[in-house]
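Biologist: Could you take me through one place where two helices from separate chains meet, step by step? I am new to this, so please go slowly.

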There are 2 protein chains.
Amino acid sequence: MIDNHNPILSLDPLFNPRSIAIIGASSNPEKPGGVPIVNLVEKWQGKIYPVNPTHEVIKGLKCYPSIMDIPGSVDLAIISVAADHVYDNLEQCVAKGIKAAIIFSSGFAEVGPEGLALQKKITGLAGRTGMRILGPNCLGLLNTNNNLAASFSSIVDLPPVDPKVLGFVSQSGAFGAAIYSTALAEGVGFNYFISVGNEADLEFADFIEYMVHDPQTLLIGGYLEGAKNGDKLRRVAEEALDNNKPILIMKVGRTSAGSRAAASHTGSLAGSDKIYSAFFKQTGIIRINNYTDLIAFTPLFMSKRLPRGRNTAIIASSGGAGVTITDYCESMGLNVVPLREETRKKIDSVLPSFASSRNPIDLTAALMTEPEIMSVTLKAVCEDPDVDIVLVSLNLQIPSGHPVIGKIVQIYKNTDKFVLFLPIKSAKNLVDEVVVEFQKAALPTNYNTTDAIIALAQLVQFGEALERRKQEKYCIAPRSGPRPIISDLIRPGETLSESGAKAVLERYGIPIARQEVAGTREEAVISARRIGYPVAMKVDSPDIPHKTEAGGIRLNLNSDDEVGRAFADIIENVRKYKPGALINGVAVQEMLPEGTEVIIGVTRDPVFGPTIMFGLGGIFVEVLKDVSFRVAPVSRGDAEDMVREIKGSAVLKGVRGKPPADTKAIVDVILKVSDMVTDYRDSIEELDINPLIVYPRGVKAADAMLVARK
Amino acid sequence: MIDNHNPILSLDPLFNPRSIAIIGASSNPEKPGGVPIVNLVEKWQGKIYPVNPTHEVIKGLKCYPSIMDIPGSVDLAIISVAADHVYDNLEQCVAKGIKAAIIFSSGFAEVGPEGLALQKKITGLAGRTGMRILGPNCLGLLNTNNNLAASFSSIVDLPPVDPKVLGFVSQSGAFGAAIYSTALAEGVGFNYFISVGNEADLEFADFIEYMVHDPQTLLIGGYLEGAKNGDKLRRVAEEALDNNKPILIMKVGRTSAGSRAAASHTGSLAGSDKIYSAFFKQTGIIRINNYTDLIAFTPLFMSKRLPRGRNTAIIASSGGAGVTITDYCESMGLNVVPLREETRKKIDSVLPSFASSRNPIDLTAALMTEPEIMSVTLKAVCEDPDVDIVLVSLNLQIPSGHPVIGKIVQIYKNTDKFVLFLPIKSAKNLVDEVVVEFQKAALPTNYNTTDAIIALAQLVQFGEALERRKQEKYCIAPRSGPRPIISDLIRPGETLSESGAKAVLERYGIPIARQEVAGTREEAVISARRIGYPVAMKVDSPDIPHKTEAGGIRLNLNSDDEVGRAFADIIENVRKYKPGALINGVAVQEMLPEGTEVIIGVTRDPVFGPTIMFGLGGIFVEVLKDVSFRVAPVSRGDAEDMVREIKGSAVLKGVRGKPPADTKAIVDVILKVSDMVTDYRDSIEELDINPLIVYPRGVKAADAMLVARK
């Protein structure tokens with residue numbers, strides 16, 4: 001049996017077969033069963049076996065009536081027969097010892113329940129036999145390293161571009177092919193293209209994993225509508241960082257999923273798209289909005305330099321270009337920083353008096369007559385220790401042999417700063433000749449300023465993800481101490497009362513407001529004395545989620561008498577509000593002093609599992625929906641990012657005379673919640689700690705609710 | 001004397017001269033004084049008079065030693081001499097009766113104080129004589145209608161593109177020229193290009209005005225760093241809407257100005273860029289981020305259709321393209337709406353069972369074999385009354401003569417819906433032939449999906465601006481009643497105390513918390529009785545802006561005794577806090593019940609004058625900076641937009657059990673503030689009504705501050 005779990009070995013027959021059978025081979029070079037034969041015969045080195053009982057010969061090759069008739073061994077089967085014949089053919093492939101198959105045929109999950117049933121049989125066969133299957137309902141794959149075009153898409157006819165560095169996986173066939181051909185035309189060198197189709201066996205993340213471990217692939221792109229397995233994608237993303245390979249994913253469907261019906265605040269605020277965005281941040285996957293980002297990113301990445309930071313200097317030959325580029329940079333989070341005094345002095349020594357050596361640097365039309373201004377300025381800026389990135393709006397109107405070009409190339413080679421040239425089209429196109437010289441010397445240049453700056457910001461993001469991966473605080477900390485037992489507190493499908501939910505929190509060491517549930521008026525008074533006045537009282541019932549509405553809350557009670565009366569009132573109100581509700585009693589709780597209210601919650605995402613949310617309480621969550629998410633488990637660094645990332649985070653620093661809130665204590669609660677939902681991944685459906693009250697030192701959960709999984 | 005105020009007549013000699021003198025004429029065809037001669041001689045019909053004492057003949061033309069030596073009359077002078085000779089030449093031009101001049105020469109305001117002095121002389125001459133002047137320090141202008149190239153930029157050599165419809169004004173010469181040549185290469189037909197240089201006389205808005213009234217110009221583009229005169233630009237923008245002409249402006253410098261030092265909240269929150277954005281919204285000018293927007297917008301606008309609304313249907317041949325386009329649309333504020341039942345039935349009748357007739361409609365690969373699916377679907381969607389815009393992701397792999405093309409063209413011609421075709425590049429480029437057929441029939445198509453959808457959203461915005469312009473509530477209402485007198489209350493440069501500021505508000509009918517300023521303990525008690533308990537007390541002093549800090553506030557006072565003690569405490573605290581502060585007394589104020597706190601303020605923008613701000617109070621303003629601006633005067637519609645536009649506006653609808661706030665009363669206060677700062681435009685520097693407390697019915701200003709202009 002084949003090792004189904006080694007991504008390289010088990011996928012290798014798909015990418016590097018020595019022999020291929022085309023089942024449903026066609027003599028029509030336009031048909032799915034014909035396209036690969038034509039292409040493989042012309043370009044590929046290896047044995048090709050057409051299989052079709054109605055033909056003798058196709059494209060000069062002997063055609064076999066069935067798979068079993070093929071004399072030699074076969075590594076890969078391409079299947080292009082009607083959906084209801086696919087399974088039988090796969091069984092024959094297994095019998096023949098074929099290790100991998102690509103199924104072009106459609107008519108499976110995409111057409112409805114019957115197709116889905118057929119597809120499930122394929123999934124079953126793959127699991128049972130270890131055969132690796134791409135598709136069904138896919139365009140197949142290309143490996144340009146060995147000229148393998150196991151696809152019927154018209155992109156098989158496009159000549160590849162060197163250097164072949166980008167592997168691309170797509171969940172859309174037609175759109176993926178359009179991205180491939182557009183990017184190829186723009187000079188992007190692909191080594192792999194895979195259309196994953198219905199993912200009956202192999203999925204999107206499997207191909208990314210293959211490419212992460214494939215030395216030919218230097219960066220990875222993907223078009224994604226929805227991941228099947230969040231855990232696998234997370235693991236693969238981490239491996240990619242460990243291999244210094246960026247993954248850029250165009251994830252679509254931002255607006256499709258929307259928020260779902262949920263008992264908790266957290267659940268109702270978690271749209272699928274927000275969780276994807278959080279997941280990408282957390283794993284260092286670069287989310288792109290458009291495939292043009294991939295086109296601009298590839299050459300920047302291939303310059304083999306990474307910006308050390310976000311501090312950017314801009315050199316422009318017109319004030320307009322300088323300020324425009326400044327706007328783009330700032331909108332992408334790149335900082336256009338002040339230059340050092342000594343840098344400005346060097347620049348001022350060559351600039352005319354009215355030109356500006358302030359960042360963005362305006363060389364003015366003086367550049368026309370004195371091109372050396374450019375090289376002096378570039379050198380000065382590259383030597384400024386405060387600068388990480390240099391953007392040069394290129395408008396050099398000089399002949400291609402001019403000595404300043406050599407100087408610029410030399411400065412580029414002698415600096416480790418990230419330098420990017422942004423040529424400006426002019427009527428006479430003199431700059432084009434300069435650009436050709438720069439490109440020969442491998443200086444990064446891009447005519448499309450906006451695309452280039454987006455890609456640059458994404459490259460910075462990649463560098464930061466690599467950096468984070470090295471930091472201890474971004475590693476998931478191993479559990480300290482034994483895993484707390486909470487199974488006695490939660491029953492499948494149950495919504496816990498406040499006291500039940502708080503008991504769970506307490507087991508995980510999350511500070512809760514001190515409280516006792518009283519069954520009688522007398523017990524309430526005893527509890528109140530034990531806790532100390534003043535106290536609050538709240539009905540404790542899994543059936544009453546909105547306690548205020550039900551008249552189930554009394555605050556600031558100062559005496560035995562008040563507590564006694566409050567007990568009676570609450571019970572009476574709640575019985576009226578919801579006759580028959582299960583009432584555990586009335587919780588007597590310490591009256592918490594004022595602090596900053598935040599919410600920490602958990603929702604289960606169908607792809608990513610337990611996902612943690614953080615936000616400020618009240619209007620911030622309800623009106624502004626100003627919350628952050630991360631998929632569990634989270635690292636300390638992730639938890640800190642969650643707290644920092646909300647728009648209202650300044651509130652935690654102390655506003656309107658309030659002292660700063662203890663954000664470290666918030667982070668600790670997030671980490672404890674992360675432990676909890678990781679330990680009990682299959683037991684917790686939703687959790688809201690709302691509010692968690694944050695003080696200058698410490699926090700306390702004032703209220704909580706928890707829904708157990710069915 | 002020429003009519004300096006008629007934009008068409010006074011600028012006409014610049015665009016349509018019959019004769020031109022080139023002062024500082026050069027025989028070198030590369031120099032600023034040489035380029036226009038070469039070009040005018042070759043292409044332009046009219047008299048050309050080179051002026052240069054050191055030449056006899058240039059380019060076969062007689063060269064004159066001075067302007068006065070020219071025999072005939074001259075309409076336009078192009079001046080390309082050293083800066084310190086420009087003024088003398090202008091005086092000679094005036095003497096010769098020349099009505100307009102273009103000054104190429106640099107060395108004016110851009111080089112420092114001496115240059116600025118020279119430039120001011122030019123401004124003075126223009127004002128005195130009525131001569132209209134473009135520049136100095138500019139590239140000049142082009143009028144492609146009559147082949148006039150009064151410029152030394154290399155763009156003069158580029159052949160124009162038909163139809164010539166776009167007028168373009170730029171505050172950057174070099175960058176403007178780059179935009180011109182790039183857009184021209186993309187097929188945009190310009191009729192005018194103007195580089196405005198230092199704007200010593202004619203400014204950016206003057207040229208827009210010329211083009212608004214010029215029948216050859218159908219739309220107007222601009223590159224703007226900073227307007228000189230906000231009022232003029234506002235008036236011109238309104239005239240443009242009245243002439244159905246869109247103005248698209250690329251305004252740069254988003255990050256440059258930042259916020260300024262200001263006494264008021266409003267002042268510190270008002271960055272120049274935010275005010276520009278508000279101004280553009282208010283006036284219907286379309287703010288573009290990139291000149292690529294202009295390139296995509298022009299052909300859409302030239303289709304001569306305007307989308308009726310934002311409801312969009314998407315027809316795609318792959319699920320991937322459909323969902324991607326949906327994301328782009330939603331991010332640009334276009335709604336991808338459900339289709340009517342009867343529409344879906346029509347589509348389902350031709351689609352395969354597994355294809356989706358839900359919006360976005362996925363035609364699937366069935367389109368390959370049955371291209372008619374496209375025309376049937378397009379027709380059905382165009383007939384759906386709920387749809388305003390139809391986007392067709394075009395992947396028709398059919399020969400150019402196929403009958404379905406004619407059908408699609410016919411459907412387009414028979415509908416008034418806005419239909420936009422977005423071809424997808426494919427390896428075989430079959431779609432290109434179809435696109436050529438569509439373009440012949442004037443069907444809007446764009447290969448760049450993202451650019452096209454941005455431009456489409458901008459076209460929708462233009463339609464909405466036209467619509468607004470017709471609505472009465474967006475007209476500035478004429479003053480009802482006499483202008484209130486407030487001059488007795490404010491002295492230039494003075495910061496008013498709370499009671500002073502409130503007195504101003506009261507004159508304008510803005511409801512304020514009832515209050516009296518008491519000079520003694522006894523007066524305070526009398527006031528408190530008159531107002532009615534409970535009361536609040538606050539020190540009234542122009543020198544104490546932060547009353548709480550100074551111990552100058554007491555709330556919820558319920559008796560004569562409490563009021564008396566509070567008076568003494570406040571006076572004592574304030575004297576300690578700031579010895580020597582001018583104290584008017586202590587204001588006794590009705591204790592306002594709780595409500596929703598908002599802030600309404602005014603700041604003076606150097607370009608746009610008094611600008612009004614609205615926001616929610618407290619953390620919303622201080623932490624989230626969630627505020628909206630409009631330039632005064634504002635219409636009722638503008639004021640309503642201000643209230644609606646803030647992110648936290650849902651708070652006003654009532655959250656957490658609160659009733660909805662009286663937004664109409666907020667709008668009334670904004671309109672009264674607008675009246676006030678329009679009446680006293682030159683007297684008021686800053687105003688904060690903070691907080692204005694909003695109730696379910698009515699509002700009350702609880703506190704206010706006002707700074708008078710120096």
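Modeller: Happily! In this predicted model, the axes of helix H5 of chain A (residues 173–185) and H11(B) come within 6 Å of each other and cross at roughly 75°. Angles of 65 to 115 degrees count as roughly perpendicular, so that is how H5(A) lies relative to H11(B). On the H5(A) side, the contact is made by Ala174(A), Phe175(A) and Gly176(A), and on the H11(B) side by Gly320(B), Ala321(B) and Thr324(B). Sorted by class, this contact has three nonpolar and three polar residues, with no charged ones.

Now step back to the whole meeting of the chains. Here 51 residues of chain B are in contact with 50 residues of chain A. Helices H5, H11 and H21 of chain B each give two or more residues to the side that touches chain A, and H11(B) supplies the largest share, eight residues. That side of chain B has 20 nonpolar, 21 polar and 10 charged residues.

Let us also look at H5 in chain B. At 1.5 Å a residue, its 13 residues should span 18 Å, and the C-alpha atoms at the ends of H5(B) are 18 Å apart, so the two agree. H5(B) is mostly covered, with 11 of its 13 residues buried; among them are Phe175(B), Ile179(B), Tyr180(B) and Leu184(B). The buried residues of H5(B) pack against helix H11 of chain A, and also against strands E10, E11 and E12 and helix H10 of chain B. After H5(B) comes Gly187(B), which has a positive phi, near 90°.

Note on methods: Residues are numbered from 1 along each chain as its sequence is written. Chains are lettered from A and ligands numbered from 1 in the order in which they are written. This is a predicted model: local features need pLDDT of at least 70, side-chain atom pairs count only at pLDDT 80 or more; totals for chains, interfaces and linings use all residues. Two residues are in contact if their C-beta atoms, placed from the backbone, lie within 7 Å. Helices (H or I, at least four residues) and strands (E, at least two) are DSSP runs, numbered from the N terminus. Ala, Val, Leu, Ile, Met, Phe, Trp, Tyr, Cys and Pro count as nonpolar, Asp, Glu, Lys and Arg as charged, and the others, Gly among them, as polar. Axes are lines fitted to C-alpha atoms, for helices over the stretch in contact, and angles run from 0 to 180 degrees between N-to-C directions. Angles under 35 degrees count as roughly parallel, over 145 as roughly antiparallel, 65 to 115 as roughly perpendicular and the rest as oblique. The expected span of a helix is 1.5 Å times one less than its number of residues. A residue is buried if 20 or more other C-beta atoms lie within 10 Å of its own, exposed if 12 or fewer, and partly exposed in between; C-beta atoms are placed from the backbone.
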